[in-house]
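Dear colleague,

I am handing over the structure we discussed, and below it you will find notes on a few residues that may be useful to have beside you as you look through it.

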Amino acid sequence: MVRSLVWLVVVAVAGFGGLRFAEAVATVDVGLVRLEGQLTVPESRQVQEVVDTVLSRPGPHGARDVAAAIESIGWVRQVMVRLRWPDTLHVAVVRDTLAAGWGDDAYLTTGGDVVPVPSDSGVGPDSDLPILSGSLSDGAEAMRIYNLLNAQARAIGLRIARLEEDGVGNWSVAFADGMEVVLGSTALRERFDRFLVVYAKELADSSERVVRVDARYQTGVAVQWESEN
């Protein structure tokens, strides 16, 4: 019979390599679980629920079973499970670094993987993460384009708040100050660079009046200004 588990949650994580490490030992007599990781309270609770579910199943279990179950959580990047005599299970979890929101209900890691995050984790539309979305492209392609444009934007003081692809493959960028730049579906880097040149020379001092910039031209850009009514 499985004992009632006692949980100890700490924030430090010991370094380990590989996606998963688990000792091949039985865990049916676990009485204390030590959870280590830089996790939010909802994330810690999600891991605890997964571990409790595995250990409450009838029959023998191994640390590999626990590790595999934790690994199935979308935002987990690495997990290590060890059993320490007599009855302590050490669980160390490293979460994926979230780089952007993906639409309204998911997130992208730095590698472009789409992952769910507990709804009460504190990460969402009100956070500082940019929001990316793609009608035709996947998360990895959207993150690649974001990284392609973001460094140049930050160099002149612009922060990308949204990067969106519409149903026909046209990309547009919205900055934190509300200005939008339409880039189209091809030559995105060249068009964005052209916008940055125009912005630095002509628009920076009055950017609060710029509503939309269309960079889908072979030369130059078209600027829509805020009406002065």
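Please keep in mind that this is a predicted model. I begin with S137, which sits in the loop that runs between β9 (131–134) and α3 (139–155). With a relative accessible area of 18%, S137 counts as buried, because the cut-off for that word is under 20%. Once its neighbours within four places in sequence are set aside, S137 is in contact with W102, E165 and W171.

On the surface, D177, D205, E208 and E226 come together in a patch of negative charge. Of these, D177 belongs to the loop between β11 (171–175) and β12 (180–184), and its relative accessibility of 46% makes it partly exposed.

V173 is part of strand β11, and it is buried, with a relative accessible area of 0%. Although V173 and R162 are 11 residues apart in sequence, their C-alpha atoms are 5.8 Å apart in space. R162 is also among the residues that V173 touches when those up to four places away in sequence are not counted, a list that further holds L149, I160, L163, M179, E180, V181 and L183.

Lastly, which side chain of opposite charge is nearest to R191? It is D214, at 7.1 Å, and R191, although buried, has no salt bridge. R191 is found in helix α4 (residues 188–203), and, leaving out residues up to four places away in sequence, it touches L183, G184, S185, T186, A215 and R216.

With best wishes

Technical notes
Residues are numbered from 1 along each chain as its sequence is written. This is a predicted model: local features need pLDDT of at least 70, side-chain atom pairs count only at pLDDT 80 or more; totals for chains, interfaces and linings use all residues. Side-chain values use heavy atoms; hydrogens and water are left out. Helices (H or I, at least four residues) and strands (E, at least two) are DSSP runs, numbered from the N terminus. Buried means under 20% relative accessible area, exposed over 50%, partly exposed in between (1.4 Å probe, protein chains only). Contact means heavy atoms within 4.5 Å. Patches are made of residues with over 30% relative accessible area and no salt bridge: like charges are joined within 9 Å, nonpolar side chains (Val, Leu, Ile, Met, Phe, Trp, Tyr) within 5 Å. Accessible areas come from the Shrake-Rupley method with a 1.4 Å probe; for residues, only the protein chains shown count as cover. A salt bridge is a side-chain nitrogen of Lys or Arg within 4 Å of a carboxyl oxygen of Asp or Glu. Lys and Arg count as positive and Asp and Glu as negative; His and the chain ends are not counted. The place of a charge is taken as NZ of Lys, CZ of Arg, CG of Asp or CD of Glu.
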